[in-house]
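These are my notebook entries on one protein chain. I went through the backbone, the metal site and selected residues in turn, and I set down each result as I looked it up.

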Amino acid sequence: MLPFVWSDECLRHEPQAEVWIGTRTPATEVPARALAIRDALLAAGAQEIPAVPHDDSALLAVHDPALVGFLRTAWDEWSAADLPSDRVVPYIFARAELTSGRVPATPTAVWARPGLFAYDTMTLIGPGTWEAARAAVDVALTAAGLVGNGERVAYACCRPPGHHVTRSLYGGSCYLNNTAVAASALLERLGGPIAVVDIDAHHGNGTQEILRDRGDVLTASVHVDPGAGWFPHFLGFAAESDDANLNLPLAPGTGDEGWLAAVREAAAFAAPARALVVALGVDAAAGDPESPLEVSARGYREAGRILGELGLPTVVVQEGGYDLATIGPLVVETLTGLAR
Ligand code: SP5
Ligand code: ZN
């Protein structure tokens, strides 16, 4: 049965909250997500494979060393500063225009440093955040290694998710871009072109910005229309599409029919590739608290079948999905469709 890669370290990130429009709201990207998915996979007979530690080379191929260095030490520095906040959160942002494009100073104040790397206030850092995010990269790289060595499909059961992280900025409940790291590693191993198809409910903005214009990666994303008021708000529009990038924004309320038509279009776009990375968010499902799309479990199974029909070596990397009662079965449905 299908191999899935796991690390207990991914459970160590406990954000507790998000700061949204200045209010502290309960976190939805919680450790129980990964446990729910793992339980469903084991019940379905999937084979658990422990993550193998990898050095930073694949990570640094897609991320600015300054971002990685910040994330590695952010909690230790914050907690040592004895601040009146139990999570790392930005309050001032180093927008490029602020310094007319010049490199901004590295702030003396520990509490100003997150503004060099964070693009939202929702993505809190606490004890264990770095260890979990770095372990998620190892999970994704282990899955990519399995596929590089001939496995047709491998699934990275990881969190925190990654597809909102750019080369140098973190946000959207994401810290390191597991999907982009997996794609980069697969590219090294198998050669290009590689395709990334992102079916998370939200646009894969970080993956798009990291991988587009490389010339050897095709990126496609099916997501709720940011123009209808949804994260990541600033991008994810159809007009960003070109020969190497395809954005398929969908109206809130879109169900199986419209969503699967877009998945088919994304699959056709990915067809010329030598290998595939699927950024699997199951938050497009009806009932998910973070998205207004209305996809069913049968829809997810059909999406898996459509992507599996490409017949490509495929790494599936977990992204979003927040309804603890259904995310496990939804992942199993997708992988069942894919691995048939
Ligand atoms: C990986 C992923 O699915 N990230 C999604 C990030 C989108 N979060 C946007 C949150 C907008 C405000 N949500 C208010 C509810 C607070 N829990
Ligand atoms: Zn999402």
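I located Ser 100 in the loop between α3 and α4; helices (H or I, at least four residues) and strands (E, at least two) are DSSP runs, numbered from the N terminus. Ser 100 is not a glycine, yet I read a positive phi of about 50° for it. Ser 100 counts as exposed because its relative accessibility is 60%. For these classes I used under 20% relative accessible area for buried, over 50% for exposed and partly exposed in between, with a 1.4 Å probe and protein chains only.

I note that this is a predicted model, in which local features need pLDDT of at least 70 and side-chain atom pairs count only at pLDDT 80 or more, while totals for chains, interfaces and linings use all residues. Residues are numbered from 1 along each chain as its sequence is written, chains are lettered from A and ligands numbered from 1 in the order in which they are written, and side-chain values use heavy atoms, with hydrogens and water left out.

Entry: further backbone features. I found a second non-glycine residue with positive phi, His 233, at a value near 60°. His 233 lies in the loop between β7 and β8. With a relative accessible area of 40%, His 233 is therefore partly exposed. The loop between β7 (217-224) and β8 (245-250) also holds Pro 232. I recorded a cis peptide bond between Phe 231 and Pro 232, with omega about 10°. Another cis peptide bond joins Gly 192 to Pro 193, where omega is about -10°. I placed Pro 193 in the loop between α5 (178-190) and β6.

Entry: the same loop as Ser 100. I looked up Tyr 91 and found it in the loop between α3 (65-80) and α4 (129-148). Tyr 91 is exposed because its relative accessible area is 59%. Leaving out residues up to four places away in sequence, Tyr 91 touches Trp 111 and Ala 112; contact means heavy atoms within 4.5 Å. I also took the C-alpha to C-alpha distance from Tyr 91 to Ser 57: it is 32 Å, for a separation of 34 residues in sequence.

Entry: the zinc ion. Which protein atoms serve as donors to the zinc ion (ligand 2)? I listed two OD atoms of Asp 200, ND1 of His 202 and an OD atom of Asp 283, at 1.9 to 2.8 Å from the ion. Asp 200 and Asp 283 link distant parts of the chain, being 83 residues apart. Asp 200 sits in the loop between β6 (194-198) and α6 (205-211), and Asp 283 in the loop between β9 (275-280) and α8 (297-308). The donor residues follow the spacing D-x1-H-x80-D in sequence. Donors here are N, O and S atoms within 2.8 Å of the metal (3.2 Å for Na, K and Ca); water is not among the atoms, so sites may look incomplete. I found both Asp 200 and Asp 283 to be buried.

Entry: two further buried residues. Is Gly 172 buried or exposed? Gly 172 counts as buried because its relative accessibility is 8%. I placed Gly 172 in the loop between β5 (153-156) and α5. Apart from residues up to four places away, Gly 172 touches Tyr 119, Asp 120, Met 122, Thr 123, His 164 and Phe 231. The C-alpha atoms of Gly 172 and His 13 are separated by 15 Å, with their positions 159 residues apart along the chain.

I next located Val 19 in strand β2 (residues 17-20). At 19% relative accessibility, Val 19 is therefore counted as buried. Beyond its neighbours within four places in sequence, Val 19 is in contact with Val 89, Thr 121, Met 122 and Leu 124.

Entry: the chain as a whole. I counted nine helices and ten strands. The radius of gyration is 19 Å, which agrees with the value near 20 Å for a compact globule of 340 residues; it is taken over C-alpha atoms, and the globule rule is 2.2 Å times the number of residues to the power 0.38. I noted a box of roughly 55 × 40 × 40 Å for the C-alpha atoms, taken along the principal axes. Of the 340 residues, 56% are buried. Among contacts between residues at least 6 apart in sequence, 78% join residues at least 24 apart.
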